[in-house]
Amino acid sequence: EGGWYAVVRVPATRSDEDVAIELLNAQGVYVHPGHFYDFPTDGYLIVSLIAPEPDFNEGIKRLLSMF
């Protein structure tokens, strides 16, 4: 199965994996770190675009609250 994804550029103050884990633990938001998609540096998170719109909007609000 496939999906639609967006790349979100975030400050590269720590590893994408650390940011993804903190988002999951602190905000309940699941994203992929950029290295899953072969981004060569930190500062990239991958979000799914197939979530229901209210869930997506809430997830993005929570993601943005971390920065």
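At 31% relative accessibility, arginine 14 is classed as partly exposed in this predicted model. Glutamate 22 likewise falls in the partly exposed range, its relative accessible area being 31%. The two side chains form a salt bridge, with an N to O distance of 2.3 Å. Side chains of opposite charge can pair when their charged atoms come close. The pair formed by arginine 14 and glutamate 22 belongs to a total of 3 salt bridges in the structure.

Glutamate 58 takes part in further contacts of this kind. Its side chain meets that of lysine 61 in a salt bridge at 3.8 Å, N to O. Because the cut-off for a salt bridge is 4 Å, the contact of glutamate 58 with lysine 61 at 3.8 Å is counted. Glutamate 58 also pairs with arginine 62, where the closest N and O atoms are 3.0 Å apart. Through these contacts, Glu58, Lys61 and Arg62 are joined in a network of salt bridges.

The network is placed within a helix. Helix H2 spans residues 53-65 and contains both glutamate 58 and lysine 61, which are separated by 3 residues, about one turn of the helix. Arginine 62 lies in H2 as well, 4 residues from glutamate 58, again about one turn of the helix.

The members of the network were also assessed for accessibility. Glutamate 58 has a relative accessible area of 34% and is partly exposed. Arginine 62, at 31%, is also partly exposed. Lysine 61 reaches 53% relative accessibility and counts as exposed, because the exposed class begins over 50%.

Helix H2 also contributes to the largest pocket. Rolling a probe the size of a water molecule over the atoms shows where empty space is left. The largest pocket holds about 330 Å³ of space. Its lining consists of 17 residues, of which Val29, Tyr30, Val47, Ser48 and Ala51 are the closest to the pocket centre. Two elements, strand E3 (44-48) and H2, each give two or more residues to this lining. The largest share comes from H2, with 7 residues. By residue class, the lining of the largest pocket comprises 10 nonpolar, 4 polar and 3 charged residues. Helix H2 thus holds both salt-bridge partners of glutamate 58, namely lysine 61 and arginine 62, and supplies the largest share of the pocket lining.

Technical notes. Residues numbered from 1 in each chain as written. Predicted model: local features only at pLDDT ≥ 70, side-chain atom pairs only at ≥ 80, totals over all residues. Heavy atoms only, no water. Buried < 20%, exposed > 50% of the residue type's maximum accessible area, 1.4 Å probe, protein only. 1 Å grid on protein atoms, 1.4 Å probe; cavity = no way out; pocket = protein on both sides within 12 Å on 5 of 7 lines; lining within 4 Å. Points joined across faces, edges and corners; volume = space filled by probe spheres on them. Nonpolar A, V, L, I, M, F, W, Y, C, P; charged D, E, K, R; others polar.
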